[in-house]
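Please open the structure in your viewer and keep the sequence panel visible. The tour below proceeds by selection: each stop says what to pick and then what is found there.

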Amino acid sequence: MSNGILVFVEHREGVVNKTSFEAVAAAQQLGAALGREVTAVVLGTDASLAGEVAGYNVSQVISAESPKLDVYTPDAYADAMEQVVRAVSPQFVVMPHTYLVRDYAPKLAARFGKGLISDCVRARAEGGSVTFTRRIFLGKIDADVVAEGEPPAFATFQSGAYRPDQAEKGGGAPVESMTVEVGEVRMRPEPPFQEVKGAVDLSKADVIIAVGRGIKSQENLALAEKLAEALGGEIAASRPICDAGWLPIDRQIGSSGQTVAPKLYVALGISGAIQHLVGMKNASTIVAVNKDPEAPIFDIADYGIVGDLFEVVPVLTEEVKKLKG
Ligand SMILES: Cc1cc2nc3c(=O)[nH]c(=O)nc-3n(C[C@H](O)[C@H](O)[C@H](O)COP(=O)(O)OP(=O)(O)OC[C@H]3O[C@@H](n4cnc5c(N)ncnc54)[C@H](O)[C@@H]3O)c2cc1C
């Protein structure tokens, strides 16, 4: 099993996160292109989650277990993953680019004297070597990165780089339990951060209606909220809207806000500044409404409506309602 692909599957309180299935899809595609096996790893205290992951097309699932893995700490995760990586001896370790991975993965990579090729948007395999692509300078330039030296190489993939439904199901991979030794854990996690009441994890939303400065005033948000309600979506915004306090900061999309990849992203009165685009350009379908035909948002929109949002949105909302009966 050595020199295959090892994919890290993250979970919180027994729920595997969506970005992990995207990482599984990335690992499977890489495995297929290189003719290598894919092993998935789940860290925790019991093997039940590994059973869920075993339903995917991987050659095996390792359930690395220790009582010290019941809650996330970077020390425990780095210790556990180090042992799994040494046991599996993969060519590539593929991980989702989540906050948790960002926290412990550099430490893990450093233990192998390696860097972390982080936040990749794609990977291309050619002649046994893999070129990872990551966006730099706020998405203005794509950099191709090739890992040098002995394996393993460590890479994380940006949310939305692959679709979770691209992760192929399989015939039930074997689960191997592995007891891992976890050394000193130097921190105790505080109780989970309490989000503001009613806060949503926008990365989980299938439909997002985002408003920009074109909405003009806080009162006008109701217009977008009606469209969001009709489409069953969540409200989000560009930075000026959150800076003005019209929406809470957890609704901000972009380089200093959230990165999302919904099925549908509707941008209302958003110009399409690069700092906004980096947070949403992986959406499957982008619809933009803007009265300026030259607005950069139209460069990445699948459907563009040049017009006044105060005229367009009520019509759009009514039509959606009619279609949905
Ligand atoms: C370090 C840094 C970090 C940043 N981080 C972020 C970030 O995370 N997220 C983010 O969004 N921005 C971020 N920004 C700000 C970013 O550069 C832009 O200023 C911001 O995205 C612009 O927001 P906007 O598109 O809503 O406003 P504007 O650029 O003012 O665009 C408003 C648009 O609305 C259109 N419009 C006006 N009236 C109507 C109407 N009646 N109907 C239809 N269209 C109309 C206009 O044609 C225009 O295109 C950051 C900037 C910096 C420097």
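Select Ile-253 together with the ligand: in this predicted model, a polar backbone atom of Ile-253 lies 2.8 Å from a nitrogen atom of the ligand. The protein covers 75% of the 980 Å² of accessible area that the ligand has on its own.

Next, add Asn-290 to the selection. An N or O atom in the side chain of Asn-290 is 2.7 Å from an oxygen atom of the ligand. Asn-290 is also one of the residues that come nearest to the ligand, together with Arg-213, Ser-238, Ser-256 and Ser-271. In total, 26 residues surround the ligand.

Now display the whole shell around the ligand and colour its residues by character. Six residues of this shell are nonpolar, 14 are polar and six are charged. Which helices each supply at least two residues of the shell? They are helix 6 (239-243), helix 7 (274-277) and helix 9. If your viewer can draw pockets, note that the ligand takes up the space of the second largest pocket.

Move to Lys-216, which also faces the ligand in terms of contacts: an N or O atom in the side chain of Lys-216 is 2.8 Å from a nitrogen atom of the ligand. Lys-216 belongs to the loop between strand 12 (207-211) and helix 5 (221-231). Is Lys-216 buried or exposed? Lys-216 counts as exposed because its relative accessible area is 52%, and the cut-off for this class is over 50%. Its backbone also deserves attention, since the phi of Lys-216 is near 75°, a positive value in a residue other than glycine.

Most residues other than glycine have a negative phi. A further exception can be selected at Ser-89, where phi is near 55° and therefore positive. Ser-89 is situated in the loop between helix 3 (74-88) and strand 6 (92-96). With a relative accessible area of 35%, Ser-89 is partly exposed.

From Ser-89, step back into helix 3 and select Glu-82. Glu-82 is buried, because its relative accessible area is 19% and the limit for a buried residue is under 20%. Show the side chain of Arg-111 as well: a polar contact of 2.8 Å joins it to the side chain of Glu-82. Then select Leu-108, which is 26 residues from Glu-82 along the chain. The C-alpha atoms of Glu-82 and Leu-108 are separated by 6.4 Å.

For the next stop, select Pro-151 and Pro-152. What kind of peptide bond joins these two residues? The bond is cis, with omega at about 5°. Most peptide bonds are trans. Pro-152 is part of the loop between strand 9 (141-146) and strand 10 (153-157).

Finish at Glu-311, in helix 9 (residues 309-324). Glu-311 is exposed, with a relative accessible area of 57%. Select Leu-202 too and draw a line between the two C-alpha atoms. Glu-311 and Leu-202 are 109 residues apart in sequence, and their C-alpha atoms are 27 Å apart in space.

Definitions and conventions. Residues are numbered from 1 along each chain as its sequence is written. This is a predicted model: local features need pLDDT of at least 70, side-chain atom pairs count only at pLDDT 80 or more; totals for chains, interfaces and linings use all residues. Side-chain values use heavy atoms; hydrogens and water are left out. Helices (H or I, at least four residues) and strands (E, at least two) are DSSP runs, numbered from the N terminus. Buried means under 20% relative accessible area, exposed over 50%, partly exposed in between (1.4 Å probe, protein chains only). A residue is near a molecule or strand if one of its heavy atoms lies within 4 Å of it. A polar contact is a pair of N or O atoms within 3.5 Å; within protein, one must be able to donate a hydrogen and the other to accept it, and residues adjacent in sequence count only if both atoms are side-chain atoms. Accessible areas come from the Shrake-Rupley method with a 1.4 Å probe; for residues, only the protein chains shown count as cover. On a 1 Å grid over the protein atoms alone, a cavity is a set of points where a 1.4 Å probe fits but cannot get out, and a pocket is an open set with protein on both sides within 12 Å along at least five of seven lines; lining residues have an atom within 4 Å of a point. A molecule sits in a cavity or pocket if more than half of its atoms lie within 2 Å of its grid points. Ala, Val, Leu, Ile, Met, Phe, Trp, Tyr, Cys and Pro count as nonpolar, Asp, Glu, Lys and Arg as charged, and the others, Gly among them, as polar.
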